[in-house]
Amino acid sequence: IHMVHLGASNMVALGEAQLGIGTRALTVSRGVAYVAGDDDVLRVVDVREPTAPRVLGQVPLAARSLRVSGGALLAATPRGLVVLERVDRVSEGTQPPMLGGWSTTDAVVGLSPARRGVVVAAGLGGASLLDLADPSHPVLNRAVSTTLKAVRQLERLGGDTFVLNDTTLSVHTDASSSGAFSVDPTRGSRLASIGSVERFAASTGRLWTVGGGVLATASLPGVE
C-alpha cells in the first residue's frame, strides 16, 4: 500500500507498507485502511502517519469490494454481504469483529451505502437495498429492480442509483416518499446513447464510462 501527497500538478511518494500480495479492494476510514488481498485475507493498516504505514492485523475474508458505513465495515464476498465492526482503537493485532451477514444466490460484486442501509449488487441476484439498522442482522428492504439479472457494478449519488447490468447502464431514483426505486426513462435513453459500458464512475456533476476502449463522460445530474 502506497501513501502519496496529491499536489496541484504532481504526486509525491510519502511511504509504503509491503503486503506481498495483489489487492482486490481498498477503503480508508479514520486513519485505518482496510485492504482485501487476492489471497482471501483482509488486512488492517494504520495510515495515520503517512510516512510509515504499518499492518496491524488480518482476518480471512474473500472480499471483492469494501465500504465503510456508520460503525460498520461492509464486504462483498462470493457468498454474500459480510458486516464487520469498524476499527476504532488502533493497536497491534487489531482484527475487525464479525457482526453479521446476508447470503445471496450469486457473488456480491458491488456495494453502495444508502440512507436506509446499503445497496448490494449480486449478479444474477440483481440489486437490492438492505436495512442495516441492526448490523448483526441485515434485512432485505426492497429490490432496486426485479428485472436486472446481470448486475456488475452500482454507484449511488444523492437520490440516484446508477446500475451497470451486463453492458447497459441505467439510473434509478429513490426520491419518492415510499422509498421505492423507479427507472428514470429520460436519462436512461441518454445513457443508452453512450453505448456498451464495461466500468463507470459517478461523482458530483460528472459521469465517466469505459467501453470498447473508449472513455466517455457526461455531466450530471442530467446526463448531458
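Colleague: I'm new to this one. What is the order of the strands in the open sheet of four strands?

Modeller: Keep in mind that this is a predicted model. The edge strands of that sheet are β7 (65-69) and β10 (98-103), each pairing on one side only. Neighbouring strands are turned by 20° against each other on average, direction ignored. With antiparallel pairing, the order is β7-β8-β9-β10.

Colleague: How many bridges join β8 to β9?

Modeller: Strand β8 covers residues 72-77 and strand β9 covers residues 80-85. One of the pairs is Thr77 with its bridge partner Gly80 in β9. The two strands run antiparallel, and the number of bridges joining them is six.

Colleague: Which strand gives the most residues to the largest nonpolar core?

Modeller: In general, nonpolar side chains tend to be buried together in soluble globular proteins. Here the largest nonpolar core has 16 residues, and those with the most contacts inside it are Tyr34, Leu42, Leu61, Leu66 and Ala75. The elements giving two or more residues are β4, β5, β6 (54-60), β8 and β9. With three residues, the one that gives the most is β4.

Colleague: Let's stay with Tyr34. Which arginines is Tyr34 in contact with, leaving aside its neighbours within four places in sequence?

Modeller: Tyr34 is one of the residues with the most contacts inside the largest core. Its contacts beyond those neighbours include Leu42, Leu66, Val68 and Leu73. Going through the rest of that list, the arginines are Arg43 and Arg86.

Colleague: On to charges. How far apart are the closest N and O atoms of Asp40 and Arg24?

Modeller: This pair links distant parts of the chain, 16 residues apart: Asp40 is in the loop between β4 (32-37) and β5 (41-46), while Arg24 is in strand β3 (residues 23-29). Asp40 is partly exposed, with a relative accessible area of 34%, and Arg24 is partly exposed too, at 40%. They form a salt bridge, and the distance between the closest N and O atoms is 2.6 Å.

Colleague: Asp46 also forms a salt bridge with Arg48. Is Asp46 buried or exposed?

Modeller: The Arg48 and Asp46 side chains meet at 3.0 Å, N to O. On the Arg48 side, the relative accessible area is 51%, so that residue counts as exposed. The cut-off for burial is under 20%. Asp46 has a relative accessible area of 6%, so Asp46 is buried.

Colleague: Which residues are linked with Asp46 in a network of salt bridges?

Modeller: Side chains of opposite charge can pair when their charged atoms come close. The structure holds eight salt bridges. In the network that includes Asp46, the other members are Arg48 and Arg54.

Colleague: What about Asp184 and Arg187: are they buried or exposed?

Modeller: Their side chains meet in a salt bridge, with N and O 2.8 Å apart. As for accessibility, both Asp184 and Arg187 are buried.

Colleague: Now β15. Which residue in the turn of the β15 and β16 hairpin has a positive phi?

Modeller: β15 pairs with strand β16 (residues 160-165) in the antiparallel sense, over six bridges. One of these pairs is Val151 with its bridge partner Asn165 in β16. The hairpin has two residues between its strands, and the turn residue with a positive phi, about 65°, is Gly158.

Colleague: Which residue makes a polar contact of 3.5 Å with the side chain of Gln153?

Modeller: Gln153 lies in strand β15 (residues 151-157), where five of the seven residues are buried. At 5% relative accessibility, Gln153 counts as buried. Leaving aside its neighbours within four places in sequence, Gln153 is in contact with Phe162, Val163, Leu164, Arg199 and Phe200. The side chain that joins Gln153 in the polar contact belongs to Arg199.

Colleague: One last sheet. Which residue in β20 stands opposite Ala201?

Modeller: The sheet is an open one of three strands, in the order β19-β20-β21 with antiparallel pairing. Its edge strands are β19 (199-203) and β21 (214-219), and the twist averages 15° from one strand to the next. Five bridges join β19 to strand β20 (residues 206-211). Opposite Ala201 stands Trp208.

Conventions: Residues numbered from 1 in each chain as written. Predicted model: local features only at pLDDT ≥ 70, side-chain atom pairs only at ≥ 80, totals over all residues. Heavy atoms only, no water. Pairing = 2+ DSSP bridges. Axes fitted to C-alpha atoms, helices over the stretch in contact; angles between N-to-C directions. Salt bridge = Lys/Arg side-chain N within 4 Å of Asp/Glu carboxyl O. Buried < 20%, exposed > 50% of the residue type's maximum accessible area, 1.4 Å probe, protein only. Polar contact = N/O pair within 3.5 Å; in protein donor to acceptor, adjacent residues only side chain to side chain. Contact = heavy atoms within 4.5 Å. Core = buried A, V, L, I, M, F, W, Y, C linked by side-chain atoms within 4.5 Å.
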